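Colleague: Take one spot in this model and go through it closely for me, then work outwards from there. Keep it informal, but give me the cut-offs.

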Amino acid sequence: MFYLTTAIDYTNGSPHIGHAYEKVLADVITRYRRLRGDEAFFLTGVDQHGQKVQQTAEKEGIHPATFVKKTTKKFSKLWEKLGLEYDGWAETIDDRHKACVQQVLTTLEQQGQLYKAAHKGHYSVRQEQFLTDKERGEDGNFGPEWGEVVEIEEENWYFKLSEHTDWLKNHLEAVDDSVLPAFRKSELLNALERNSGTDLCISRPKERLRWGIEFPFDPDYVTYVWFDALINYVSFAGYLASPDAGLPDFSKLWTADERPVHIIGKDILVPAHGIYWLCMLHAMGFTDDIMPRILVHGWWNIRGEKMSKSIGNIVDPGELADRFGVDAVRYYLVRDIVTGKDSDFDVERLVMLFNTELANELGNLCNRALNMSQRFTGGELHPGTGLTDAETALQQSLTESIGAYRAAMDNFDVSKGLEAISQHVVHCNGYAERMKPWELKKDPANADRLATVLYHLAESVAHCAVMLSPVLPEASAKLTAQLNAEHLKDLKLDDLKWGLLEDGHKINKPKPVFPRIVIEEDA
Ligand code: MSP
């Protein structure tokens, strides 16, 4: 089983294009794995506890539970709009998740992995957090953003993280795909060099934070939000759950045959996933052969700047989908970023990529294949009898595209996978221009040749519809319907071979699937 998760999003705000990218990427990879014939389970969800949620709810004068219900809806509605098909939905206020977190805490405590200790330090009353020297300004003082800073001593629960960091270093070095891409693993190893002697504070006294999961053996404390949130990857996969909890069978999801993949953004690799989570799993008794793979993606920025509420440059994916269509947004998000790297979000590029690669190139191919077949041969397809070098080259181009698509997608590189499809589309358009079916049509003596050309174009569209289905499910379904080839929906990647459309196959009435996006100039 292929088990894929995303980060769970904080629910103290609204989803933006960065959150959407990660979820669409996960959806595309899951759909691709199903296309490959694998069983797959995709878990996503929301992170509902913590100080920020408590503070924002307080400002609005409502209970945090009411607040998170409201904000959670914004996420789930957007995911539905963007066509995400997930199998599991994680909400950290779920009682089943709470029970799992508490069970993990109890077991770790019994095994001597936790201890209670006092910590004395500088505490920002405004931000409600302890400060370290990193937070000091150049003059050595804590800046005005921290408000009043007092020295306090507080008792808390700690997890013996430092007992696991040697193991972690060895594990990361020994297992190639522990963190992907490789340059992110180097960043993590460097961070570990600098910081491996400290333990992790995993509790907050209820006096300063109430909105969290209570410590099962010390009710004056709640669980630190990251310790709680990270456990979602196992709790919603059925870890320690009773069989009637309505959760999956953990032993089927979390396996050594196909280790789980966690998709996360670059900001939460160090320390949360790369250090805390892997050490937590190790302490919980997870063996090396079932350690997850962490796939780290880059960030969407706006003209090189971080998206932020204060700058006011947040891009709302829902609005984009209303304006340009769901497929245009999905395509842009996975096309214009190389998995792992950062990218600049730019509406003009969204429109340009849609118009060149989908409306022009693919749209042109579909138009030639479907419209001309309808007009020139009454919608009936025949492979013809005599194949020339041009057909051999076209079939060869398709075989190469399928291979390149497969290699890229297996490597989670969706942008490259789409490029592989594009290459064949470009080849087909060149072929059509050279073969000129519109000229062939003029002389009935060319009927067999005309059929061959149109068949090669239609057959290519059929293959593209299948390969594009993980990224553009709506467009792929429309193409399949116009091709009158519903059987394409059940095909697996291995079934892609020449002859998906039978001799004599009749297509349906075509209609453009990728109409050009025209932007009205601002008056
Ligand atoms: N709640 C934590 C994650 C807990 S996982 C156990 C969190 N939430 S978040 O809402 O801040 O971010 C959720 C995901 O969105 C993260 O993977 C983060 O990297 C990603 N992104 C947030 N902003 C982003 C961009 N601008 N671009 C791409 N992804 C970004 O962290």
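Modeller: Let's start at P510, which is in the segment after α18 (473–482); helices here are DSSP runs of H or I with at least four residues, strands are runs of E with at least two, and both are numbered from the N terminus. Bear in mind that this is a predicted model, where local features need pLDDT of at least 70 and side-chain atom pairs count only at pLDDT 80 or more, while totals for chains, interfaces and linings use all residues. Numbering runs from 1 along each chain as its sequence is written, and side-chain values use heavy atoms, with hydrogens and water left out.

P510 counts as buried because its relative accessibility is 18% (buried is under 20% relative accessible area, exposed over 50%, partly exposed in between, with a 1.4 Å probe and protein chains only). Leaving aside residues up to four places away in sequence, P510 touches L370, N371, Q374 and Q482, a contact being heavy atoms within 4.5 Å. A481 is 29 residues away along the chain, yet its C-alpha lies 9.1 Å from that of P510.

Now follow the P510 neighbours L370, N371 and Q374 into helix α13, which spans residues 347–377. Helix α12 (residues 326–335) packs against α13 at about 100°, and the two axes are 10 Å apart. Axes are lines fitted to C-alpha atoms, for helices over the stretch in contact, with angles running from 0 to 180 degrees between N-to-C directions. The pair is therefore roughly perpendicular (65 to 115 degrees; under 35 is roughly parallel, over 145 roughly antiparallel, the rest oblique). On the α12 side the touching residues are A328, Y331, Y332 and R335, and they meet R349, L350, L353, F354, E357 and L358 of α13.

How do α14 and α15 pack? Residues 389–410 form α14 and residues 414–435 form α15; the angle is about 170° and the axes are 7 Å apart. That's why α14 is roughly antiparallel to α15. The contact draws on many side positions: α14 brings in residues including A390, L394, L398, Y405 and M409, while among those from α15 are V414, I421, H424, C428 and Y431.

In the loop between α14 and α15 you'll find F412. F412 isn't a glycine, but its phi is positive, about 65°. Its relative accessible area is 6%, so F412 is buried. Another positive phi outside glycine turns up at K436, near 45°, in the loop between α15 and α16 (437–440). Unlike buried F412, K436 is partly exposed, because its relative accessible area is 36%.

Back to prolines for a moment, since omega may interest you. A cis peptide bond joins L180 and P181, with omega about -10°; P181 sits in the loop between β8 (179–180) and α6 (182–194). V270 and P271 are also joined by a cis bond, with omega about 0°, and P271 falls within helix α10 (residues 269–283).

Zooming out, the protein has 18 helices and 15 strands. Its C-alpha atoms fill a box of roughly 95 × 55 × 40 Å along the principal axes. Of the 523 residues, 54% are buried. As for contacts between residues at least 6 apart in sequence, 77% join residues at least 24 apart.
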